[in-house]
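Q: Please take a close look at one place in this model. Then go on from there and connect it to the rest of the chain.

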Amino acid sequence: MNDQKLKFDILVIGSGAGGALAAYGLQKQGFNVCMLEKGPWAKQNLKEVRAFTHYYKDQGLVGAFGNSFIGVPTGEVVGGTTKINSGTCFDTPKEIVDTWQKHYKMNIAYDELSPHFKTLRELLHISPVPTENMAKGNLFFQKGIEALGYKNHFPLHRAAKACTGSGRCCFICPKDAKQSTDVSIIPNFLKEGGTLFSQTEVTGIEEQKEGVRITCKTSALQAKKLIISAGSLSTPILIRKNKLGTHWKKAGLGLTIHPASKVFGEFLEPVYGWRGVPQALGFKHPNFPTLSFEGVFTPPALSGLVMPLEGKRLRGWLEKYDHVGSFGVMLKDTNTGWVRAFPGIGPLLHYSLHPNDFKNLIEGLRFIGLSYLASGAKRILLPISGIQNEFESFEALKQFNFSKMRPSQLYSMGFHPLGTCGMGRVVDSHLKLIGSNHIYVCDGSVVPTSLGVNPQITIMALALRLSNRFSKNS
Ligand SMILES: Cc1cc2nc3c(=O)[nH]c(=O)nc-3n(C[C@H](O)[C@H](O)[C@H](O)COP(=O)(O)OP(=O)(O)OC[C@H]3O[C@@H](n4cnc5c(N)ncnc54)[C@H](O)[C@@H]3O)c2cc1C
């Protein structure tokens with residue numbers, strides 16, 4: 001796109017969960033829609049490390065500072081973070097939408113979202129992971145929790161078609177089996193006559209009397225309406241920088257991230273954790289309602305980064321990596337943080353783990369460790385530093401006192417940044433930017449509270465709800 005002045009009905013910034021679904025829904029209704037995406041189309045054949053450095057925002061090195069450092073990765077590629085996610089799908093829990101309605105006085109009802117869950121199940125080919133496709137780290141966890149007397153594990157539902165378990169969902173599916181938006185939605189958007197400019201970063205946004213004007217490096221585009229779907233880290237920065245709406249000073253607050261971590265187990269038999277679907281099994285522990293247990297696996301080439309080890313001990317684990325499985329836990333968080341622009345660098349995030357959340361997360365990790373030991377693991381490795389982190393004995397782990405541990409000793413990630421332009425704070429219940437006539441926000445940033453489930457379906461359902469509303473009221 002060079003030196004052009006283009007006009008559309010609607011411009012959409014970002015091609016991820018929110019942007020692609022909103023753009024597709026609107027184009028299908030006959031609007032002339034243009035999507036602008038900062039990242040490139042992904043190449044399928046890159047090795048995991050290169051996929052990580054090419055398609056994760058800022059080479060995957062974004063993180064939040066507070067009482068610990070928590071990595072907060074997002075995608076910067078056509079398809080947004082759906083291109084580098086695990087594909088797991090959960091409908092928005094009804095009690096969460098009820099909370100938005102009752103406690104936050106939002107004008108949104110569960111029944112407005114539920115028809116879209118059904119549509120998304122079809123569009124994204126959502127189905128449970130068959131046992132034979134599960135990576136073995138999941139099956140060892142299942143065996144372990146069954147040995148401890150828990151039966152209520154369940155296969156996760158995923159957006160995948162003809163998946164053969166290539167084991168690298170988060171590093172670009174090599175067969176396009178995972179139904180990220182570039183595979184499932186954007187081709188249909190283009191078929192309907194929509195326009196997509198990739199490798200096009202929007203820098204300026206100006207609201208005018210009759211519409212909106214946006215600027216990229218070499219071009220200016222105009223439209224009657226604009227939807228900002230740049231994700232929870234970039235959308236608030238665009239809103240603040242361009243002073244959009246009347247509540248722009250609140251953009252960036254309210255950040256929740258679903259802090260998450262994982263436990264490694266070394267088994268006597270080969271695990272080959274890179275074979276099969278890494279995030280395949282789920283479990284809810286009755287004593288820890290804010291925790292969600294889900295499978296996870298880090299490819300060998302990146303594993304050294306996520307293990308709290310060095311020297312000989314790290315080498316010992318890496319040499320045995322074909323016998324290593326892992327399982328994760330994620331938390332519905334209590335605290336909120338913020339995101340701001342750090343000039344010349346990128347987003348600056350602040351987030352501190354709430355003491356109770358920290359305790360629960362540690363107990364969740366202990367539970368995974370115990371389950372792995374109960375299923376026959378030779379030893380397990382907890383994601384903590386500065387104290388004992390390796391255990392071979394079930395009893396020793398069960399009795400271990402973690403009470404002196406500080407959050408800064410925990411290795412954790414927040415895969416689901418949400419809430420930085422929350423409904424009721426920066427946008428209204430219909431996702432219109434408060435104080436604006438022509439600008440909407442539709443991505444993870446509008447989700448006003450921690451969700452407790454993987455968020456892509458919630459974001460997509462909100463996008464379909466928004467696009468339906470345009471047809472009625474435009
Ligand atoms: C490793 C990982 C695994 C995950 N697994 C799951 C999972 O299994 N299930 C699930 O539900 N969720 C998962 N998630 C989270 C989920 O994918 C995201 O919450 C969701 O995709 C966010 O959607 P979004 O529309 O808010 O933003 P995104 O999908 O991140 O899209 C935003 C897009 O905007 C673009 N953009 C930003 N700024 C600009 C600009 N100025 N100009 C133009 N374009 C711009 C970005 O490049 C990006 O492509 C995972 C996340 C990660 C990191």
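A: With a relative accessible area of 45%, Pro 115 is partly exposed. The term stands between two cut-offs: buried is under 20% relative accessible area and exposed is over 50%, with a 1.4 Å probe and protein chains only. The model is predicted, so local features need pLDDT of at least 70 and side-chain atom pairs count only at pLDDT 80 or more, while totals for chains, interfaces and linings use all residues. Residues are numbered from 1 along each chain as its sequence is written, and side-chain values use heavy atoms, with hydrogens and water left out.

Pro 115 sits in helix H4. Helices here are DSSP runs of H or I with at least four residues, strands are runs of E with at least two, and both are numbered from the N terminus. Along the chain, Pro 115 and Arg 465 are 350 residues apart, yet 9.5 Å separates their C-alpha atoms.

Helix H4 (110-123) is followed by a loop that leads to strand S5 (126-128), and His 125 belongs to this loop. The phi angle of His 125 is near 55°, a positive value in a residue other than glycine. His 125 is partly exposed, at a relative accessible area of 32%. Tyr 272 also has a positive phi, near 45°, in a residue other than glycine. Its loop runs between strand S13 (259-266) and strand S14 (281-283), and Tyr 272 counts as partly exposed at 29% relative accessibility.

Next comes the ligand. There are 39 residues around it, and the closest are Glu 37, Thr 81, Thr 88, Gly 444 and Gln 456. A residue is counted as near when one of its heavy atoms lies within 4 Å. By type, this shell holds 14 nonpolar, 20 polar and five charged residues. In that division Ala, Val, Leu, Ile, Met, Phe, Trp, Tyr, Cys and Pro are nonpolar, Asp, Glu, Lys and Arg are charged, and the others, Gly among them, are polar.

Several backbone atoms face oxygen atoms of the ligand. A polar backbone atom of Ala 17 is 3.4 Å from a ligand oxygen, and a polar backbone atom of Gly 18 is 2.9 Å from one. For Gly 444, a backbone N or O atom is 2.7 Å from an oxygen of the ligand. Taken alone, the ligand would expose 1000 Å², of which the protein buries 96%. Such areas come from the Shrake-Rupley method with a 1.4 Å probe. Two elements give two or more residues to the shell: helix H1 (17-28) and helix H13 (456-473).

From the ligand, the view turns to the interior. The largest nonpolar core has 75 residues, and Ile 205, Ile 227 and Ile 239 touch the most other members. H13 gives the most to this core, with nine residues. A nonpolar core is a set of buried Ala, Val, Leu, Ile, Met, Phe, Trp, Tyr and Cys residues joined through side-chain atoms within 4.5 Å. In soluble globular proteins, nonpolar side chains tend to be buried together. Beyond its neighbours within four places in sequence, Ile 239 is in contact with residues including Ile 228, Leu 244, Trp 248, Cys 421 and Val 441. Another core, apart from the largest one, has 48 residues, among them Ala 64, Phe 140, Val 329 and Ile 362. Contact means heavy atoms within 4.5 Å.

Helix H12 and the loop after it come last. Glu 395 lies in helix H12 and is partly exposed, at 42% relative accessibility. From helix H12 (394-399) a loop leads to strand S21 (412-414), and Gln 409 is in that loop. Gln 409 is buried, at 10% relative accessibility. A polar atom of its side chain lies 2.9 Å from the backbone nitrogen of Arg 406. Not counting neighbours within four places in sequence, Gln 409 is in contact with Pro 383, Ile 384, Ser 385, Gly 386, Ile 387 and Lys 404. Phe 400 lies in the loop between H12 and S21. With residues up to four places away left out, Phe 400 touches Arg 366, Ile 387, Gln 388 and Phe 391. Phe 400 and Arg 366 are 34 residues apart in sequence, with their C-alpha atoms 9.2 Å apart.

Conventions:
A polar contact is a pair of N or O atoms within 3.5 Å; within protein, one must be able to donate a hydrogen and the other to accept it, and residues adjacent in sequence count only if both atoms are side-chain atoms.
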